[in-house]
Amino acid sequence: MKKTLLFCLIILSTGYCLKGQKRPVYKDASAPVESRINDLIGRMTLEEKAGQLSVLLGWEMYEKQGAKAGVSAQFKTALAEQQTGMLWATLRADPWTKKTLITGLNPVLAAKATNALQKYAVENTRLGIPLLLAEECPHGHMAIGTTVFPTSIGQSSTWDPGLIQQMASAIAAEARLQGAHIGYGPVLDLAREPRWSRVEETYGEDPVLNGVMGVAMVKGFQGDDLKSGRNVVSTLKHFAAYGVPEGGHNGGSVSVGARELHQSYLSPFKDAVKAGALSVMTAYNSVDGIPCSSNPVLLKDILRRDWGFNGFVVSDLGSISGLVTNHQVVADAPDAAALAINAGLDADLSGYGYGKALIDAVKGGKVSRAVLDTAVARVLRIKFNMGLFENPYVDPVKAGKEVRNADHILLARRVAQESLILLKNDNNILPLKKTLKSIAVIGPNADNMYNQLGDYTAPQAEDAVVTVLRGIRTKVGNEVRVNYIKGCAVRDTSSDEIAKAVAAARNAEVVVMVLGGSSARDFKTEYQSTGAAKVNASEAAVSDMESGEGYDRSTLDLMGRQLHLLKEVVKTGTPVVLILIEGRPLNLNWPSEHVPAIINAWYPGQEGGNAVADVLFGDYNPAGRLPVSVPRSVGQLPVYYNQKKPAPHDYVEVNASPLYCFGYGLSYSEFEYDDLSITENANDDKAFVTVKFKIRNMGLRSGDEVVQLYVRDNVSSTVSAVKQLKKFQRIHLNPSEQKNIEFNLSREDLMLLNAEMKWIFEPGDFTFMVGAASEDIRLKSIANIR
């Protein structure tokens with residue numbers, strides 16, 4: 001009897017009873033998520049908790065063996081010693097990771113690799129906790145064989161959030177089908193410093209446009225059901241004010257006042273959090289002397305208390321250790337870990353910011369168990385809500401069929417088409433006549449596939465990317481002679497083909513020149529521990545890369561011999577169309593005066609060449625609009641459109657206005673605006689002011705127009721902007737078609753932060769401006785709003 005009782009007690013203590021096995025609450029799918037979290041945390045050791053907050057570099061964790069993929073010895077060691085709960089960039093392939101088309105993974109192998117990692121983690125750890133896998137997803141999942149869309153600056157140039165949400169859904173599906181759970185993106189930093197190397201990753205200079213695009217990305221990534229097998233958690237980057245570093249130096253300090261921080265730099269993040277974003281990444285920079293990775297005002301007061309954020313916060317790569325090495329606000333790793341986690345930073349992207357340092361901080365009394373458990377709970381909540389404890393695996397066959405499918409390729413072309421901005425079109429030189437017999441295609445970006453893809457792009461198969469040259473040749477077929485000459489490199493001046501380019505131009509009816517910049521990394525580039533590229537000014541063979549993370553500029557001039565090439569070709573008298581493929585606004589003073597037609601394509605992605613050809617030959621009517629102002633000189637900076645009053649005055653040398661303003665872009669059609677009315681609805685906070693007007697297509701072609709509503713608070717108790725975008729809409733109109741447009745502004749849309757830092761609406765006169773760009777206002781009315 002005693003032996004039987006003792007046996008029963010032993011069985012019960014290990015979770016079993018004589019009538020069968022009793023599953024722990026955290027493994028019971030029918031139990032409430034919070035109960036499962038609490039049960040699991042109660043079972044975890046300090047080391048296991050710290051491991052759940054460590055995000056290790058994932059590309060080292062698998063082994064590829066022919067058509068098979070399995071776990072590496074390094075992963076087995078990491079799991080045993082660090083008990084990691086998350087991996088980052090497992091499927092990333094680029095020169096930094098040294099993963100190529102040969103050594104990296106196609107979608108089928110990627111799914112097999114993530115399955116192997118999950119299986120090993122679940123079966124070889126004490127508690128069987130599945131992994132969270134995070135991947136870079138700013139303009140496509142950064143992995144081999146995925147669809148490459150235009151970079152974010154091009155996405156925002158569409159001014160079409162519905163399209164961007166479709167794109168985000170496609171990106172999420174491709175990542176999730178291969179085993180990812182988190183997509184890093186969108187980047188919501190305002191790009192008001194074009195010398196900064198990461199402008200291409202942003203949605204531009206305006207908080208409203210950034211916020212709308214950010215919401216579209218979050219909704220597309222996360223969808224309605226994280227268990228769908230096609231959605232991922234969205235990680236907002238980089239919190240906060242990362243895009244305006246002093247001197248344009250990536251990760252440099254930022255000095256903005258609290259009012260401007262709230263009104264401009266935090267606003268897009270707030271919109272995305274309110275839309276349901278479940279993860280936020282801290283920025284490398286400090287704001288007013290406090291590093292973002294250890295800023296409790298940002299991470300606790302604003303993000304969680306004020307906005308109600310209920311997800312988890314992750315550091316940027318190495319930013320916790322950066323508290324010691326870069327910002328030098330603490331002396332050692334345990335103090336850095338304590339400072340960060342006590343400020344509200346939950347997870348460490350690197351594996352060495354927390355890990356042992358966090359364990360030591362807890363043991364030393366610098367971090368309470370309650371703080372640690374709260375951070376762990378936030379990470380586990382994602383795992384439970386995604387259903388990973390029930391099924392952490394994906395279907396490799398499905399990944400092989402659906403990643404980069406035909407629909408996604410067509411979608412990439414559409415996003416590229418909508419992103420193209422017609423900056424100039426003298427005498428309607430565009431669209432080109434299809435009766436042309438000869439075209440010269442010239443320039444370093446005409447036939448370089450990586451130069452048109454942007455940073456955070458994986459290696460590509462040769463046939464996967466359509467360059468401008470290929471797009472033109474496909475469009476015109478064999479009926480038109482297309483002569484291609486590179487002319488020069490983007491940066492390298494050691495050799496050129498300018499004489500050949502001039503000869504080709506003289507023998508052509510029209511020249512399509514493709515110039516600009518590049519964010520294309522190569523295997524000779526050296527990298528910082530954060531993944532940012534190191535600039536080597538003395539390298540013998542100069543790469544094209546002049547943009548992308550780490551490549552900050554002191555000027556915005558076309559580099560190398562590009563401008564000389566352009567001038568020599570223009571001298572021939574042959575009509576020139578300039579296509580700009582670039583990651584930041586460059587100096588266009590000379591081209592804008594001497595070149596009859598200019599198209600800004602940014603980095604248009606894998607279908608960029610087809611999209612450019614569609615616009616060149618009139619098969620698509622361009623309607624992209626600038627999300628950033630194009631300066632005349634770096635001496636003007638900053639030159640964003642919504643500067644605070646008073647309006648800037650001219651310089652001795654140049655006009656104070658930008659060369660091309662925010663919101664600007666031409667079309668092959670003309671549009672007429674008419675009949676503006678402003679109506680106040682005092683009892684309706686959501687439609688507090690209604691703005692109505694009419695727009696008609698006066699041209700002979702169907703086309704899109706991006707109508708933009710700007711507002712100025714004529715008298716405000718704190719200094720406000722000279723004008724601020726409030727609403728916009730991209731609409732399609734057939735020839736002679738007219739549409740009635742209505743924008744509803746909420747009371748919140750007209751609020752400001754007063755002297756006491758409170759959001760209030762101040763009655764008074766407001767100027768309502770409707771137009772095609774920030775400096776192309778077609779209708780204006782002053783209304784007294786009470």
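How many disulfides does a search of the whole structure find? Zero. Keep in mind as you click around that this is a predicted model. Two cysteines are still worth a quick look: select C137, which counts as buried at 0% relative accessibility, then C292, which is also buried at 0%.

**Stop 1: the cores**

Next, select W88, F239, L358 and M513. These are the residues with the most contacts inside the largest nonpolar core, a set of 149 residues. Zoom in on L358 and hide its neighbours within four places in sequence; what remains in contact with L358 is A50, L53, A337, I341, V367 and L372. Apart from the largest core lies another one, of 32 residues, and V512, A597, F617 and Y620 are among its members.

**Stop 2: the aromatics**

Show the rings now. There are 19 aromatic pairs in the whole structure. Start with W159 and F728: the ring centres are 5.1 Å apart and the planes sit at 75°, so this pair is edge-to-face. Colour by sequence position here, because W159 is in the loop between α6 (152-157) and α7 (161-177) while F728 is in strand β24 (residues 724-733), and the pair ties together parts 569 residues apart in sequence. Are these two buried or exposed? W159 counts as buried at 1% relative accessibility, and F728 is buried too, with a relative accessible area of 14%.

For another geometry, pick Y660 and Y664. Their ring centres are 5.4 Å apart with planes at 25°, so that pair is stacked. Y660 is buried, at 8% relative accessible area.

Then go back to W159 and F728 and add Y641, F662 and Y710 to the selection: those five form one aromatic cluster.

**Stop 3: charges over rings**

Select R192 and Y640. R192 lies over the face of Y640, 3.9 Å from the ring centre. Then try K237 with Y456, where the charged end of K237 sits over the ring, 5.4 Å from its centre.

Stay on K237 for a moment and look at its backbone. The peptide bond joining K237 and H238 is cis, with omega about -15°. H238 is found in strand β9 (residues 233-239). For another cis bond, jump to L637 and P638, where omega is near -5°. P638 lies in the loop between α22 and β21 (671-680).

**Stop 4: helix α18**

Which residues of helix α18 are buried? Select 468-476 and highlight V468, L469, G471, I472 and V476. Look down the axis: they cover an arc of only 165°, which puts them on the same side of α18. Turn on the partners as well, since there are several to see. The buried residues of α18 pack against strands β16 (438-442), β17 (481-485), β18 (510-516) and β19 (576-581), and against helix α22 (608-616). Step just past the end of α18 and you reach G477, which has a positive phi of about 65°.

**Stop 5: positive phi without glycine**

Finish with two backbone oddballs. N428 has phi near 50°, a positive value in a residue other than glycine. You'll find N428 in the loop between β15 (421-425) and β16, and at 61% relative accessibility it counts as exposed. D675 is the other stop, with a positive phi near 65° in a residue that is not glycine. D675 is found in strand β21, and its relative accessible area of 43% makes it partly exposed.

Conventions:
Residues numbered from 1 in each chain as written. Predicted model: local features only at pLDDT ≥ 70, side-chain atom pairs only at ≥ 80, totals over all residues. Heavy atoms only, no water. Core = buried A, V, L, I, M, F, W, Y, C linked by side-chain atoms within 4.5 Å. Buried < 20%, exposed > 50% of the residue type's maximum accessible area, 1.4 Å probe, protein only. Contact = heavy atoms within 4.5 Å. Disulfide = S-S within 2.5 Å. Phe/Tyr/Trp six-rings, centres within 6.5 Å; stacked < 30°, edge-to-face > 60°. Helix = DSSP H or I, 4+ residues; strand = E, 2+ residues; numbered from the N terminus. Lys NZ or Arg CZ within 6 Å of the ring centre and 35° of its normal. Arc of directions from axis to C-beta.
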